[in-house]
Structure formats: C-alpha cells, structure tokens
Amino acid sequence: MRIAIADDSALFRSGLVLLLEASGARVTTQASSGEELIASIFPARPDRPARPDAVILDLRMPPTYTGEGIQAAAEIRARDAGIGILVLSTFAEASYASQLMEAVGYGVGYLLKDNVTDAGHLISQLERIVAGETVLDATVVRRLLARKRSAGRMDTLNPREREVLARMAEGRSNVGIAKDLYLSPRTVEAHVTSVFGKLGLDQTDTDNNRIRAVLAYLRLAGDQDGPDR
Amino acid sequence: MGAIALRRNRHDPAAEPDGLREPSAAAIRPRPLRFYLGIAAILAALGGLATLAELPEWRESPTLATVNLVMSLTFILTGLLLRRERGQRGVAWALILAGVFRSLDFIDAWNTGPWPVYAVVFGGIDRVFGGYALLRYPRAALGRIQWAYLLGLAGWMVLSRGLVVVTSTAQSTGYPASAWWPTISANPQLSEIFSTAQNIGDAIFAVLAVILLVRRLVETRGLDRIVIAPIIAAGLAAVFAVTATTIAQVFSSISVGPTDAFVAESLVDVLLPLAFLVAVIQRALLARNLAGLSARVSAGADLGRVRYALRETLHDPTLEVLDVSGSGAPVPGPAQSSAQSSALSSAQSSVLSSALPSARADSRLVEVIRTDAGAPIAVVIADAALERYRGLFDAAVRTSGLALRNAQLQAEAARAELDNVRASRARIVAAALAERRRLERDLHDGAQQRLLGLAARLTAAMSQTEDPGATAAFAGARDELGLVLAELRDLAHGIHPASLVQGGLAPALEEVAERLPLAIHLDVAPDRVPPAAEAAAYFAACEALTNAVKHARASQARVTVHVTASQLEMEIADDGAGGADPAGRGLANMIDRVSAADGEAGIDSPPGHGTRITLRIPCG
C-alpha cells in the first residue's frame, strides 16, 4: 500500500514512517503541511509520481494549528475520490470527528495518535478506509458512550442498539459487529434497521444510511456538549 | 428742646417700590477721591449749621451739644454713604433728614423768636425719619402697618404738642417771655391734661415701636438679619432711652427735662446712626465670605458640598442646589434673575416642587450653573431675600459654578484615566491569554508530537525483533511513554484547554465535567464569545467545580451559561456544605480573573445550603 503523510512534526512523521514500513507499507510522500502534501500528490506536471492509496493527515498543522487536516482532507477528496483519508489527532472530542465525517463522507478515518501503537492494527484500519469504510477511534467512541445523556433521539435507542451503532461508527461491517457481539448477522441487521428507523433515516439507502447514522450519532452525541438541543 | 416721647425709632419715608438690588456691588466698588471730598464738604456745611443752631447750647451744656453734633453728623455721613446703594436712596435720604432735624431739635436754646415753639412741636420729627430708615433698611419698601405707624407717630407728636402749646404760655413752659408763643387760651389745667395725654400717647407709641422692631427682627432671615441686628438693637435701646427721659421729665414735673437725662439719652441715640454705619459697612464686607466659600468648594466640589457651603455663605438654610446635568431638560436662561415658575420647564418645576415642598418656586431666586459649552450642570434656588445681595449671590454662584465645572473636568479626566487602565488591563489579559495558548500549543505540537513520534519508533522497533526480553523492554518503555503523554496532556490542558479554543465553553466544560467525580448538569449555550471572556468563564467554572468537590463535598452541581448580545452570564450551583469564603485564595483568584475581564462575580454560600456563584462578563 502506498501512503502519503502530512505532519508538521518531523519526529512523529519519521516514527510513523518506520512503523508503516516495518509493516510492509510504502510511504511515497512526506510533507509538513496539508498544502505541501496536496502539491506533491497532485503535481502540475504530467509525470506525477505514484498516486497514494491513502493519506495520513495530522489534524493540527501550520499555519493556524486548528483544523487544517480536515480542510486538506476535503480538498483531497474533492480532487481524487479514490484516495482513502486517515486523520490523526490527539483530541478525543467528537466534534473534530464529526466535522471530518461531514467533510468527507466515506473512506475516512479519525484515530488518536496515542493509539497508533500497533503496526498491524494501523495497516488493517488503513485497508478498511481504502475499501470505503468509516473508521472511528475506539477511545472517541467510548467517550461518546460514556456521556450522560439528557434528552434527544439518542435516548430512544436501547443499549443493544447503541452498541451496534457504536460499532457502526467505528466502521465495522454487520458481520464484524455480529462477531464482536456474539449475535447472528440477521439480528445485527434488524438492530441496524431499527437504529435507522429511530434516527429517522431512509430504510432503503443502506450504504449512505450507515454514514448518516454515524453522523447522526456523532452530531447528537456532540450536541450533548451543549444542553438540550 | 421739648418734652418728647419717643425719639427715634421708625419712620418712613418714601419707599421705592421697585426691586432693591445690587446693594453690595455698589458698596464694594472703590469710590473716587472726589466722593470723599464731597462728603467732607457736605458734612462741614451741615456741621456748621448744626453748631449754629445749637450755639447757646454749647455754653449751657457742651457735653449735650457735642453728643448731638456727633449724632447728626453720623446720621448724615451714613446717609451719604448709603445714597449710592441701589434701592436704598429713600433710606439714605431718611438718614440725612434725621441728621439735619436732629440738629434742629435743640434750636430752642436760642430762647427767642419761634425757635422754642418749633423745638417743642417739631422736636421729635427726626425720630420719624430715623424710624423709617430703621424699619425699612435694607428692603425696597415699607409695609403698610409700618407706614401707618410712622404717619400716626408724626401726627400724634405735632398734634399733642401743639395742643399743649396753644393752652400754655412761654413762661409756663419754661421759656423766657421773649419767645414767641401761639397761646390761644392759657389754661394750666387743660394744658396739664394735654401734657398727660401726650405722655400716655408717647408711651403707647414707644410700646408699638418695640413691637414693630422685634417683629422685624423675627421676620428677617439670613444675611438680612445679620445686617439689621445691630440696627434693631440700637433702635430698641433708643426707644428705651427716650422712654426713660420722658419718665424723668414727668417725675421732675418740669417741661424742660434735666440736661443729664438728655445727655444720657443722646448718648444712647448716637448708637443708632453708628449701628447703621456698621450695617452699611458690613454689607459691603460680605464679599469676604466668598474667600471662605472658594476655599471650601475648591477641593473636590460636589453638589452636596456646594450646597452646604452656599447655605453657610449666604446664610440661607433653604438654599437648594439641584443636579440637572443628566436631565436634558431645558433650564432657565443664565440671566434669569428672579425665578418665575413659567420660566421653568415642567420637568424642572416638578424637581423644584419635589425638592422644596413648602416653597413656592415663583418666590425664589434661581440661577443656573452651566458648563463652558452652555450645558446646564446645576440649578441654585435661594431665598428671594438674597436679591438684595445680588452681587454677593452672583459671585457665590459663579465661584460654585467654577468649582463644579472643575470637578466635572477632573471627573472626566479620572474617567479617561480609568478607561486607559481598563484598556491596558484588557491588553494584559489578552497578552496573558495569548501566552497561555502559545504554551499549550508548544506543548501540544512540540513535545507531545516528539513523544508520539518516539512511541511510533518504539512500536516499529518492537516489530523488528523476536526476542521476548527486548519486546518486553520496548513495551515497558512505550507504556511509560503513554503515562508521560497523559501527564503532558493534563499539563497542557490546565494551561489552556485546546477544546476551549476550538469549540468554546460547551465542549470545554463537558471535558471538565467528565473528569470530576461529581454529577454535573450542564446547560451551556453554544454561542462563542471573545476568547478573554471565554477563558475567564472557563477558569471560574473550573475553580467553582473544584471547590464543590474538594471543599464543599457536593454530590451534584449545575452549570448554566447564558449568552446575550452584550454579556455572558454564568451560574454555578452545588448542593455542598456552603460557607465558602470569598476572600479565600481560590475564590479571590476567580473574582480577580472575572474582574480582569471587566466582569463581576457574586457568591452566595450560606453554610449548609450549598454554594451559588453567579458571574457576568461583558462580551459586546
């Protein structure tokens, strides 16, 4: 797998390169900002280097150190819908993940840098992203689930449906979820349908609904930062 | 001189009906040498006349003649000095005439011709003029009762004495036969009856004089009272002296009184023109009060102080100084002299009537104090009697106005200074905030990224070895690194939470709530406010919630944040032990932070009933 990396910390970047290459991936491009990365993988000249399968973006990069990674993700997706996008962050807040999901609907992941400790796991997450799945860091999801809920649609979900939705948010397939929860795939499917129904999503458009459910989940959970709305 | 009853007390002359104004202004103005020379010439002429009139008296009783001359001249001098004071011309002439007629009182010393008759019949007429000055000064006109009294006195003196004269002869009255005497029918019995009636009538007029004088003193207020008190005292003394002389005459049973009694009476009488002189000079010297006023209001003038100082200076306890600076209501023009209610706006009238429930605004003196630009600052409302001291009043108001304007300028300067301090504090707060954010970012994007890179390297290295010992060592190092990262993140978060910068109060407080062992209900508006306000509110909430856990041992807390167009309102309430000390380090710190953002904090923490902290931070 060919991977392009944009991170303003050279040390972290080199560590990441070591980790990825130790796992058999090939880092084709390194950049210290989103713009630099975009310039490298979408060069003006025709003799462009090998197109990466996925890009890994730092959330906070120069010049403002706020959400540059998300902007870069949106631009890359707009220019080449086939490149998987992974944003690495040190922030476990749902709001960034939510912004990212809205900017880039599929084939996207949001992981915490702290959790990038297993080379094999990182590669498998990247593969799922390249395959079009949505990947959300388990820590972020745990924090969302741990939140006290005051009101809202999320409260209409029962605990089992919530578990299913949380795994959907992590980008797991129905089969994967069934395995995790020791359920039959048909039961998982029923739960998924029920979640869609409770969140008011169109039952027929299952692919996009997965994303929408995750977004709804992120948004609703995120909104509970603010009160009652 | 004849037997007389009352000597001087009141009298009345022609009053000027128009307002009496501006006395002291004229009195204060320096007079040319010519003025004094003129006075000296007049005094010399009249003094010569008086001496001539009493020439025989100088032989008979030099003391009495001297006292009389002094008295006449003092009256005339006082009258001349007063002549130029506006509104007091009538009084001035009354005093001059009193002096002239006084010197004629003793013309009977010539003992020949019509002089003895004149002295007996008209010998007391100077008292009518003296009484006029006494009862009127420094007013514009006499009252009706006083007029009636003076006319009655004049009539009575001429009538009673005339009746005695026509029923007696020169000899029976004590004069030589050479004196002309208009005897109609010499009848000693009748004459005695008339003489007794004359004494009784004189006594009645003396009592009336005392009543009128005392009433005048009681009715007079403020500066007027200060000015007239010595005159009234001298007038009362003169009435008593005259009465005493009359009694002495009655008991000695002779028409021509004992010279000693006349000397004593004259010595008392001379007090009257002297008192007038003192009063006239005193009025002129009232301007001295202004120096004291100026000293009192110059340091830190405010309306209360000015009001008090003006009351003291102008001796008017009813004087009011009203603040009109904020009213925007039109006020009477600056040249307003005597206030009329119609000249006041209705708003002002209501101010006046509320401030002075018992006073009628149209009977008061009103002056407006304005800024240099003409905007009204204050209105001074004083007793209308001060119209007679218009010069002093105006000068006092001008002095007060100057002080008030200065105070206003100082206040403006202080306000500007305060604005500067506020602005500089805001800059300091902003700089500190920027510094904290920079520190947080350095930790976050510097050290943290390096450590994360190190963790990735360790992970990569781990995958390169199969040796279990090495793998375990790598794993240990990586776990340790994880702890270091967590600590670093806590440190950075404490300095300035990134979530606050990124998402505002709502996500930042959510994080705080997650970390604390306390059920926290958040009701936080998602609106963003300027960073300084956000940071102040955030750290205040952190302090309050930490206290709730650490000190109050609360089990629940509620944080409410409400954002309006101009300010952020926050309330943090817990169900803990209460009794928080606002002077304690944590809370004092919190109040300082909120104040630094120009906000205010309130702490309500009754022991046993939880703690409620409210704060308002402007963010307009």
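This is a short chat about the helices, sheets and chain contact in a predicted model.

Q: Let's start with the chain contact. How many residues does each chain put in?
A: Chain A gives 27 residues and chain B gives 30 residues.

Q: Which helix of chain A gives the most to that side?
A: Helix H1 of chain A, residues 10-22, with 8 residues.

Q: And what's the make-up of chain A's side, by class?
A: The side of chain A that touches chain B has 11 nonpolar, 9 polar and 7 charged residues.

Q: Staying in chain A, at what angle do H7 and H9 pack?
A: About 95°. H7(A) covers residues 159-169 and H9(A) covers residues 185-198, and their axes are 9 Å apart. That angle makes H7(A) roughly perpendicular to H9(A).

Q: Which residues make the contact?
A: From H7(A), A:Arg160, A:Glu161, A:Val164 and A:Leu165. From H9(A), A:Val188, A:His191, A:Val192, A:Ser194 and A:Val195. By class, this contact of H7(A) with H9(A) has 5 nonpolar, 2 polar and 2 charged residues.

Q: Where's the cis peptide bond?
A: Between A:Pro62 and A:Pro63, with omega about 10°. A:Pro63 sits in the loop between strand E3 (54-58) and helix H3 (68-79) of chain A.

Q: Over to chain B. What's the strand order in the sheet of 3 strands?
A: E1-E3-E2, an open sheet with antiparallel pairing. E1 and strand E2 (364-370) of chain B are the edge strands, each pairing on one side only. Direction ignored, neighbouring strands of this sheet are turned by 20° against each other on average.

Q: How many bridges join E1(B) to E3(B)?
A: 4 bridges. Strand E3 of chain B is residues 376-383. B:Asp323 has B:Ala378 in E3(B) as its bridge partner.

Q: Which strands does H15(B) lie across?
A: E1 and E3 of chain B, running at about 160° to E1(B). H17(B) also packs on the sheet, touching E2 and E3 of chain B, and its direction makes about 35° with that of E2(B).

Q: Which residue has a positive phi in the loop after H15(B)?
A: B:His315, with phi near 50°, and this residue is not a glycine. B:His315 lies in the loop between helix H15 (303-314) and strand E1 (320-323) of chain B.

Q: Back to H17(B). What span should its 73 residues have?
A: 108 Å, at 1.5 Å a residue. The end C-alpha atoms of H17(B), residues 390-462, are 104 Å apart, which agrees.

Q: Where does H17(B) bend?
A: At B:Gln448, by about 30°.

Q: Now the sheet of 5 strands. What's its order?
A: E4-E5-E6-E8-E7 in chain B, open, with mixed pairing. The edge strands are E4 (519-524) and E7 (600-604) of chain B. The twist averages 10° from one strand to the next.

Q: In what sense do E6(B) and E8(B) pair?
A: Antiparallel, over 8 bridges. E6(B) is residues 567-574 and E8(B) is residues 611-618. B:Leu568 has B:Ile617 in E8(B) as its bridge partner.

Q: Which strands does H21(B) lie across?
A: E4, E5, E6, E7 and E8 of chain B. H21(B), residues 531-550, runs at about 5° to E6(B).

Q: And H20(B)? Which strands does that helix lie across?
A: E4 and strand E5 (556-563) of chain B. H20(B), residues 505-515, runs at about 180° to E4(B).

Terms used: Residues are numbered from 1 along each chain as its sequence is written. Chains are lettered from A and ligands numbered from 1 in the order in which they are written. This is a predicted model: local features need pLDDT of at least 70, side-chain atom pairs count only at pLDDT 80 or more; totals for chains, interfaces and linings use all residues. Axes are lines fitted to C-alpha atoms, for helices over the stretch in contact, and angles run from 0 to 180 degrees between N-to-C directions. Helices (H or I, at least four residues) and strands (E, at least two) are DSSP runs, numbered from the N terminus. Angles under 35 degrees count as roughly parallel, over 145 as roughly antiparallel, 65 to 115 as roughly perpendicular and the rest as oblique. Two residues are in contact if their C-beta atoms, placed from the backbone, lie within 7 Å. Ala, Val, Leu, Ile, Met, Phe, Trp, Tyr, Cys and Pro count as nonpolar, Asp, Glu, Lys and Arg as charged, and the others, Gly among them, as polar. The expected span of a helix is 1.5 Å times one less than its number of residues. The bend at a residue is the angle between axes fitted to the seven residues ending there and the seven starting there. Two strands pair if DSSP finds at least two bridges between them.
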